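Work through the exercises below with the sequence and the coordinates at hand. A worked solution follows each task.

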Amino acid sequence: MCKVMEDMRNEAVKANAIKAARSFLALGKLSYEEIANSLGLTVDEVKALDESKPA
């Protein structure tokens, strides 16, 4: 049961980091590296979020 709760928490943390990264990307003032470092994501994850934005 503890493992399930930990997994749920990790998913929530990841979802919040992705939401924040999208907000930072929308501002257009930070580099991929800065966003990744501040939110605990990889640069590739941040790039993928930027490339998937609607046109």
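**Exercise 1. Aspartate 50**

Find the contacts of aspartate 50, leaving aside its neighbours within four places in sequence, and decide whether the residue is buried or exposed.

Solution. With those neighbours left aside, aspartate 50 is in contact (heavy atoms within 4.5 Å) with Leu25 and Tyr32. Its place is in helix α3; helices are DSSP runs of H or I with at least four residues, strands are runs of E with at least two, and both are numbered from the N terminus. Aspartate 50 has 17% relative accessibility and therefore counts as buried. The classes are buried under 20% relative accessible area, exposed over 50% and partly exposed in between, with a 1.4 Å probe and protein chains only.

The model is predicted: local features need pLDDT of at least 70 and side-chain atom pairs count only at pLDDT 80 or more, while totals for chains, interfaces and linings use all residues. Residues are numbered from 1 along each chain as its sequence is written, and side-chain values use heavy atoms, with hydrogens and water left out.

**Exercise 2. The two sides of α3**

Determine which residues of α3 are buried, and where they lie around the axis.

Solution. Step one: Val46, Leu49 and Asp50 are the buried residues in α3. Step two: they cover an arc of only 100 degrees around the axis, so they are on the same side of α3; the arc is taken from the directions from the helix axis to the C-beta atoms. Step three: the face turned away from this buried side carries the exposed residues Asp44 and Glu51. Step four: the cover of the buried residues of α3 includes α1 and α2.

**Exercise 3. Helix α1**

Check the span of α1 against the expected value, then list its buried residues.

Solution. The expected span of a helix is 1.5 Å times one less than its number of residues. For the 26 residues of α1 (residues 2-27) this gives 38 Å, and the end C-alpha atoms are 38 Å apart, which agrees. Glycine 28 follows α1 and has a positive phi, near 70 degrees. Within α1, Ala17, Ala21 and Leu25 are buried. Their cover includes α2 (32-39) and α3 (43-51).

**Exercise 4. Salt bridges**

How many salt bridges does a search of the whole structure find, and which residues form them?

Solution. The criterion is a side-chain nitrogen of Lys or Arg within 4 Å of a carboxyl oxygen of Asp or Glu. The search finds two. In one, the side chains of aspartate 7 and lysine 3 meet at 3.1 Å, N to O. Both of these residues lie in α1, four residues apart, about one turn of the helix. Aspartate 7 is partly exposed because its relative accessibility is 30%, and lysine 3 is exposed at 55%.

Another joins glutamate 45 to lysine 14, with the closest N and O atoms 2.5 Å apart. This pair links distant parts of the chain, with glutamate 45 in α3 and lysine 14 in α1, 31 residues apart. Glutamate 45 is partly exposed at 27% relative accessibility, as is lysine 14 at 34%.

**Exercise 5. Methionine 1**

Locate methionine 1 and classify its exposure.

Solution. Methionine 1 lies in the segment before α1. Its relative accessibility is 78%, so methionine 1 counts as exposed.
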